[in-house]
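Student: I should like to understand how the descriptive terms applied to a structure are justified. May we take them one at a time?

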Amino acid sequence: MNIYTFKNEADFNATGASLIASLLHTKPRAVLGLATGSTPVGIYGRLIEMYQQGLVSFAKASSYNLDEYVGLPEGHSESYRTFMNEKLFNHIDIQLENTHVPNGNAADLEEECVKYDAMLEQNGPVDLQILGIGHNGHIGFNEPDDSLDGGTHVAELQEKTRTANARFFPSLDDVPKHAITMGVGSILKAKQILLLVRGEDKAEIVKRALKGPITTQCPASLLQCHPNVVVLLDQGAGRLLG
Ligand code: PGA
């Protein structure tokens with residue numbers, strides 16, 4: 001695991017964007033595993049700039065997002081499909097039909113999960129998976145539990161997660177209670193993982209995830225088992241690593 005800590009946001013974003021751009025240079029048909037949340041936004045912004053400057057192309061790439069809320073109407077401002085379109089896809093040359101986000105409005109959610117895994121199986125493995133981490137150690141919406149699902153599944157969101165995400169909704173009641181998420185097994189199949197964490201409030205969980213015991217009670221700790229993880233932290237998030 002390679003851990004890098006950054007003093008300033010511009011360097012954090014430039015490093016994350018360069019990793020993705022380098023992959024696309026060596027492998028234009030790369031399969032990207034993408035994440036939402038506030039942390040990757042600056043990296044997506046930097047990638048848009050690089051695309052506009054002719055420094056990177058996504059024309060042949062494809063992408064699979066980690067998760068999507070269940071039940072938000074299509075086009076809802078907080079759906080992860082809308083997020084990805086607005087923060088990245090609408091501003092680069094990726095073919096929209098090559099971008100995949102689970103359908104949280106599928107009539108049969110279980111079938112949607114099976115279909116998502118089948119696509120990942122057929123088109124994967126993911127070359128580079130971007131991840132954030134929740135205060136409770138979740139990755140995607142894989143919440144701490146006695147056991148974890150390997151594949152894509154419908155997850156019930158913990159109160160801690162709903163409260164953290166309430167900042168994006170009018171009230172806590174508006175935050176969906178369920179989401180479709182790739183499982184920890186699917187995430188760990190990626191060839192490389194890029195974990196992004198910013199903020200002092202994440203310092204405790206970063207320490208637990210990266211240096212603590214490997215346990216399903218901290219899903220991000222399973223990343224310790226992966227052979228190729230790059231971690232980008234700001235100083236706040238890295239403050240307890242020593
Ligand atoms: P954040 O979310 O990037 O907004 O901190 C990460 C997560 O909860 O998975």
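Student: Where is the place of Ile130?

Tutor: Ile130 belongs to strand 6. Please keep in mind throughout that this is a predicted model.

Student: Why does Ile130 count as buried?

Tutor: A residue is called buried when its relative accessible area is under 20%. Ile130 has 2% relative accessibility, so the term buried applies to Ile130.

Student: Which residues does Ile130 touch, not counting those up to four places away in sequence?

Tutor: Ile130 touches Ile20, Gly33, Leu34, Ala35, Tyr44, Leu66, Leu194 and Leu196. By way of separation, the C-alpha atoms of Ile130 and Ala166 are 22 Å from each other, with these positions 36 residues apart along the chain.

Student: What makes helix 2 oblique to helix 3?

Tutor: Two packed helices are described by the angle between their axes and the distance between the axes. For helix 2 (residues 41-52) and helix 3 (residues 80-87), the axes come within 10 Å and cross at roughly 40°. That angle makes helix 2 oblique to helix 3, because only angles under 35 degrees count as roughly parallel and the perpendicular class runs from 65 to 115.

Student: Which residues of helix 2 and helix 3 meet?

Tutor: Val41, Tyr44 and Ile48 from helix 2 meet Phe83, Met84 and Lys87 from helix 3. The residues of this contact comprise five nonpolar, no polar and one charged.

Student: How do you know that Lys87 lies over the face of Phe83?

Tutor: The distance from Lys87 to the ring centre of Phe83 is 5.8 Å, and the limit for such an arrangement is within 6 Å of the ring centre. Arg198 offers a further case, as its charged end sits over the ring of Phe12, 5.1 Å from the centre.

Student: Which residues of helix 3 are buried, and what do they pack against?

Tutor: The buried residues are Tyr80, Thr82, Phe83, Met84 and Asn85. They pack against strand 2 (31-34), helix 2, strand 3, strand 4 and helix 5 (159-165).

Student: How many aromatic pairs does a search of the whole structure find?

Tutor: The search finds six aromatic pairs.

Student: Why is the pair of Tyr64 and Tyr116 called edge-to-face?

Tutor: Planes over 60 degrees apart count as edge-to-face. The planes of Tyr64 and Tyr116 stand at 75°, with the ring centres 5.9 Å apart, so the pair is edge-to-face. This pair links distant parts of the chain, with Tyr64 in strand 3 (residues 62-65) and Tyr116 in helix 4 (residues 109-123), 52 residues apart. Tyr64 and Tyr116 are both buried.

Student: What makes the pair of Tyr69 and Phe141 tilted?

Tutor: Planes under 30 degrees apart count as stacked, over 60 as edge-to-face and the rest as tilted. Between the planes of Tyr69 and Phe141 the angle is 40°, and the centres are 5.8 Å apart; the pair is accordingly tilted. Tyr69 is in strand 4 (residues 67-69), whereas Phe141 is in the loop between strand 6 (128-131) and strand 7 (153-156), 72 residues apart. Both Tyr69 and Phe141 are buried. Ring pairs also link Tyr69, Tyr80, Phe141 and Phe169 into a cluster.

Student: How do you know that Phe169 is buried?

Tutor: The relative accessible area of Phe169 is 8%. The cut-off for buried is under 20%, so the term buried fits Phe169. Phe169 is found in the loop between helix 5 and strand 8 (178-181). Beyond residues up to four places away in sequence, Phe169 touches Tyr69, Leu72, His76, Glu78, Asp174, Val175 and Pro176.

Student: Why is Gln95 called partly exposed?

Tutor: Buried means under 20% relative accessible area and exposed means over 50%, with partly exposed in between. Gln95 has 35%, so Gln95 is partly exposed. The place of Gln95 is in the loop between helix 3 and strand 5 (99-100).

Student: What makes Ala209 buried?

Tutor: Ala209 has a relative accessible area of 1%, and buried means under 20%; therefore Ala209 is buried. Ala209 lies in helix 7 (residues 203-211). Leaving aside neighbours within four places in sequence, Ala209 is in contact with Ile133, Cys218, Ala220, Ser221 and Gln224.

Terms used
Residues are numbered from 1 along each chain as its sequence is written. This is a predicted model: local features need pLDDT of at least 70, side-chain atom pairs count only at pLDDT 80 or more; totals for chains, interfaces and linings use all residues. Side-chain values use heavy atoms; hydrogens and water are left out. Axes are lines fitted to C-alpha atoms, for helices over the stretch in contact, and angles run from 0 to 180 degrees between N-to-C directions. Helices (H or I, at least four residues) and strands (E, at least two) are DSSP runs, numbered from the N terminus. Angles under 35 degrees count as roughly parallel, over 145 as roughly antiparallel, 65 to 115 as roughly perpendicular and the rest as oblique. Contact means heavy atoms within 4.5 Å. Ala, Val, Leu, Ile, Met, Phe, Trp, Tyr, Cys and Pro count as nonpolar, Asp, Glu, Lys and Arg as charged, and the others, Gly among them, as polar. Rings of Phe, Tyr and Trp (its six-membered ring) pair if their centres lie within 6.5 Å; planes under 30 degrees apart count as stacked, over 60 as edge-to-face and the rest as tilted. Buried means under 20% relative accessible area, exposed over 50%, partly exposed in between (1.4 Å probe, protein chains only). A charge sits over a ring if NZ of Lys or CZ of Arg is within 6 Å of the ring centre and within 35 degrees of the ring normal.
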